[in-house]
Amino acid sequence: MGDNILDAIDDTIHAKARLGIMSLLTVHGECDFVFLRKELELTEGNLGSHIRVLEEADYIQVTKLFEGKKPKTSCTATKLGIERFRDYIDGLEKIIRMAQSAANLNK
């Protein structure tokens with residue numbers, strides 16, 4: 001991370017839906033498409049677009065299988081994705097600490 005506090009804000013993760021996807025994958029390990037769609041309350045198309053962005057960045061791995069005749073798509077965070085997510089959270093925490101410190105000084 002550079003000297004700029006905003007360097008920690010990874011634009012790939014920062015979008016609300018992608019932050020949600022990465023959070024759920026970090027907590028649950030593997031999540032299927034239906035679970036992600038329901039938890040994040042996204043349309044199929046919207047979720048698919050965000051998954052594609054994360055997959056192209058190599059932050060997640062997407063697996064498509066068939067259970068019987070039904071397709072099943074599941075996602076897992078890659079090692080790189082987990083590292084970037086941790087960096088993102090660390091950066092947010094740094095920004096929060098700075099803001100809290102400033103707020104306490106202004107009391």
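How many bridges pair strand 1 and strand 3, and in which sense? Three, and the sense is antiparallel. Before I go on: this is a predicted model.

Let's start with the sheet. It is open, has three strands, and runs in the order 1-3-2 with antiparallel pairing. Strand 1, residues 30–32, and strand 2 are the edges, each pairing on one side only. From one strand to the next, the twist averages 25°.

Now the registers. On the strand 1 side, glutamate 30 has threonine 76 of strand 3 as its bridge partner. On the other side, eight bridges join strand 2 to strand 3, again antiparallel. There, glutamate 67 is partnered with lysine 70 in strand 3. These two strands make a hairpin with two residues between them. Glycine 68 sits in that turn, with a positive phi of about 70°.

Next, what lies across the sheet. Helix 2 crosses strand 1, strand 2 and strand 3, at about 125° to strand 1. Helix 4 lies across strand 2 and strand 3, and its angle to strand 2 is about 125°.

Helix 4 deserves a slower look. It covers residues 44–56, which is 13 residues. First C-alpha to last C-alpha is 18 Å, close to the 18 Å expected at 1.5 Å a residue. Which residues of helix 4 are buried? Leu47, Gly48, His50, Ile51 and Leu54. They cover an arc of only 165° around the axis, so they sit on the same side of helix 4. The general background is familiar: an α-helix has 3.6 residues a turn, so residues three or four places apart point the same way.

And what do the buried residues of helix 4 pack against? On the helical side, helix 1 (11–14), helix 2 (16–28) and helix 3 (33–40). From the sheet, strand 2 (60–67) and strand 3 (70–77).

Take the helix 2 contact in detail. The axes of helix 2 and helix 4 are 10 Å apart, at an angle of about 70°. The two helices therefore count as roughly perpendicular. Helix 2 brings Ala17, Arg18, Ile21 and Met22. Helix 4 meets them with Leu47, His50, Ile51, Val53 and Leu54.

Now the backbone outliers. Most residues other than glycine have a negative phi. Glutamate 41 is not a glycine, yet its phi is positive, about 55°. Where is glutamate 41? In the loop between helix 3 and helix 4. Glutamate 41 is exposed, with a relative accessible area of 72%.

Aspartate 58 is another non-glycine with a positive phi, near 65°. It comes just after helix 4, in the loop between helix 4 and strand 2. Aspartate 58 is partly exposed, at 43% relative accessible area.

Last stop: isoleucine 95. It belongs to helix 5, residues 79–105. Its relative accessible area is 24%, so isoleucine 95 counts as partly exposed; the buried class needs under 20%. Which residues does isoleucine 95 touch, not counting those up to four places away in sequence? Ile5, Leu6 and Ile9. Isoleucine 5 is 90 residues from isoleucine 95 along the chain, yet their C-alpha atoms are separated by 7.0 Å.

To recap. The sheet is open, with order 1-3-2. Helix 2 lies across its three strands, and helix 4 across strand 2 and strand 3. Glutamate 41 has a positive phi, and so does aspartate 58.

Note on methods. Residues are numbered from 1 along each chain as its sequence is written. This is a predicted model: local features need pLDDT of at least 70, side-chain atom pairs count only at pLDDT 80 or more; totals for chains, interfaces and linings use all residues. Side-chain values use heavy atoms; hydrogens and water are left out. Helices (H or I, at least four residues) and strands (E, at least two) are DSSP runs, numbered from the N terminus. The expected span of a helix is 1.5 Å times one less than its number of residues. Buried means under 20% relative accessible area, exposed over 50%, partly exposed in between (1.4 Å probe, protein chains only). The arc is that of the directions from the helix axis to the C-beta atoms. Contact means heavy atoms within 4.5 Å. Two strands pair if DSSP finds at least two bridges between them. Axes are lines fitted to C-alpha atoms, for helices over the stretch in contact, and angles run from 0 to 180 degrees between N-to-C directions. Angles under 35 degrees count as roughly parallel, over 145 as roughly antiparallel, 65 to 115 as roughly perpendicular and the rest as oblique.
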